[in-house]
Amino acid sequence: MNNPFSLEGKTLLVTGSSSNIGRKIAIRCAEMGAKIIVVARDEERMKATVADLAGNGHQYYAVDLSNAESIANLAEVLPVLDGVVLCAARFDSTPVKNIKRELVQDMFNTNTFANFDLIQKLLKKKKINKGGSIVFISSVASMRPYKGNSLYSATKGAINSFSKVLATELGSQRIRVNCVHPGIVPRDGGVREGALTVEQQREEMAKFPLGMGETDDIAYASVYLLSDVSKWVTGIDLIVDGGQSLI
Ligand SMILES: NC(=O)c1ccc[n+]([C@@H]2O[C@H](COP(=O)([O-])OP(=O)(O)OC[C@H]3O[C@@H](n4cnc5c(N)ncnc54)[C@H](OP(=O)(O)O)[C@@H]3O)[C@@H](O)[C@H]2O)c1
């Protein structure tokens, strides 16, 4: 049977695919037939991701995306891509009054500037095919205020704005640019550093209209945006949060 969500013949870069959401995106995209390029810092965890990918021909690159030179080197060695998922990020929950300048710099380097830089370099080197798809993994925290999230939300808010302008600039090449906004999803294999405890997360998620989600919810939303099914979709904010942002 014809699968409209097939990613057969596509080569996709997924940053932050050594763990949790990014890892699940890589796994589901490989199941749909894509060749995956895994990018993160931790080589052992990337190897584990690659080992779990269906099919063959997948690759990984150990890169610290907070470093501009490393991004330039990565763009140099990457093949031409049909899709890019920008998922790498770090979280922080420091209250505004305690935020230091170094933390601002580091958060923006990793969550924001790395993505701007990587996309710009790929475009300059013509490494994103016509008809390609760029997916930014943002957050509902970029749209709704949560105590302690000021810096994290700001780094993601910049992504939201950037992606809309990029969508207008790349439309003529039929390259689509969209954001996925996850709500809180339980972590595959433990709690995220600096975030809520497991108990606090469960209490929060119990309030969502659809209760608790999973990393697959984000992964399949990404598959939709990477597949040709969404060929007339650009500049959107796809909120995948079980209704978290409604309450
Ligand atoms: N989990 C949630 O509830 C939730 C909710 C809303 C939005 N999101 C967003 O979804 C995305 C994934 O979240 P997650 O929970 O899966 O996070 P995670 O488990 O902490 O994974 C973050 C990924 O980014 C990579 N990474 C971090 N800093 C990096 C750097 N400097 N260079 C290269 N890679 C780097 C990490 O790999 P290494 O450590 O190996 O480098 C890891 O693969 C993030 O953009 C996050 O903001 C998550």
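**Exercise 1. Confidence along the chain**

Which helix has the lowest mean pLDDT among the elements of the protein chain, and which strand the highest?

Solution. Among the elements of the protein chain, helix H6 (residues 198–206) has the lowest mean pLDDT, 82, while strand E1 (residues 11–15) has the highest, 99. Here pLDDT is the predictor's confidence in each residue, on a scale from 0 to 100, and helices (H or I, at least four residues) and strands (E, at least two) are DSSP runs numbered from the N terminus. For the protein chain, the mean pLDDT is 95, and 97% of the residues reach 70 or more. The model is predicted, and local features need pLDDT of at least 70, side-chain atom pairs count only at pLDDT 80 or more, and totals for chains, interfaces and linings use all residues. Residues are numbered from 1 along each chain as its sequence is written.

**Exercise 2. The sheet and its edges**

Describe the order of the strands in the sheet, and explain why one side of E3 and of E7 is left without a neighbour.

Solution. Begin with the order: seven strands form an open sheet, E3-E2-E1-E4-E5-E6-E7, and the pairing is parallel, where two strands pair if DSSP finds at least two bridges between them. Next, consider the edges: strand E3 (59–62) and strand E7 (237–240) stand there, each with a single partner strand, so one side of each has no neighbour in the sheet. Finally, neighbouring strands of this sheet are turned by 20° against each other on average, direction ignored; axes are lines fitted to C-alpha atoms, for helices over the stretch in contact, and angles run from 0 to 180 degrees between N-to-C directions.

**Exercise 3. Following the pairs from E1 to E7**

How many bridges join E1 with E4, E4 with E5, and E6 with E7?

Solution. E1 and E4 pair in the parallel sense over three bridges, and in this pair Leu 13 stands opposite Val 84 of E4. E4 and E5 are joined, again in the parallel sense, by five bridges, with Leu 86 opposite Phe 136 in E5. Strand E6 (residues 176–182) pairs with E7 in the parallel sense over four bridges, and Cys 179 is placed opposite Asp 237 in E7.

**Exercise 4. Covered strands and a crossing helix**

How many residues of E4 and of E5 are buried, and which strands does helix H5 lie across?

Solution. A residue is buried if 20 or more other C-beta atoms lie within 10 Å of its own, exposed if 12 or fewer, and partly exposed in between, with C-beta atoms placed from the backbone. By this count strand E4 (residues 81–86) is mostly covered, five of its six residues being buried, and E5 is mostly covered as well, with seven of its 10 residues buried. Helix H5 (residues 150–170) lies across strand E5 (128–137), E6 and E7, and runs at about 155° to E6; residues are in contact if their C-beta atoms, placed from the backbone, lie within 7 Å.

**Exercise 5. Positive phi outside glycine**

Where are Lys 126 and Arg 174 found, and is each exposed or partly exposed?

Solution. Lys 126 is found in the loop between helix H4 (101–124) and E5, and has a positive phi of about 55° although it is not a glycine. Lys 126 counts as exposed because 10 C-beta neighbours lie inside 10 Å. Arg 174 belongs to the loop between H5 and E6, and its phi is positive too, at about 60°, although Arg 174 is not a glycine. With 13 other C-beta atoms within 10 Å, Arg 174 is partly exposed.

**Exercise 6. The ligand shell and Asp 42**

Which residues come nearest to the ligand, and which helix gives the largest share of the shell?

Solution. Of the 25 residues around the ligand, Gly 16, Asn 20, Arg 41, Asp 42 and Ala 89 come nearest, a residue being near a molecule or strand if its C-beta atom, placed from the backbone, lies within 6 Å of it. Helix H1 (residues 20–31) gives the largest share of the shell, three residues. By class, the shell divides into 11 nonpolar, eight polar and six charged residues; Ala, Val, Leu, Ile, Met, Phe, Trp, Tyr, Cys and Pro count as nonpolar, Asp, Glu, Lys and Arg as charged, and the others, Gly among them, as polar. Asp 42 lies in the loop between strand E2 (35–40) and helix H2 (43–51), and counts as exposed because it has 12 C-beta neighbours inside 10 Å.

Methods. Two residues are in contact if their C-beta atoms, placed from the backbone, lie within 7 Å.
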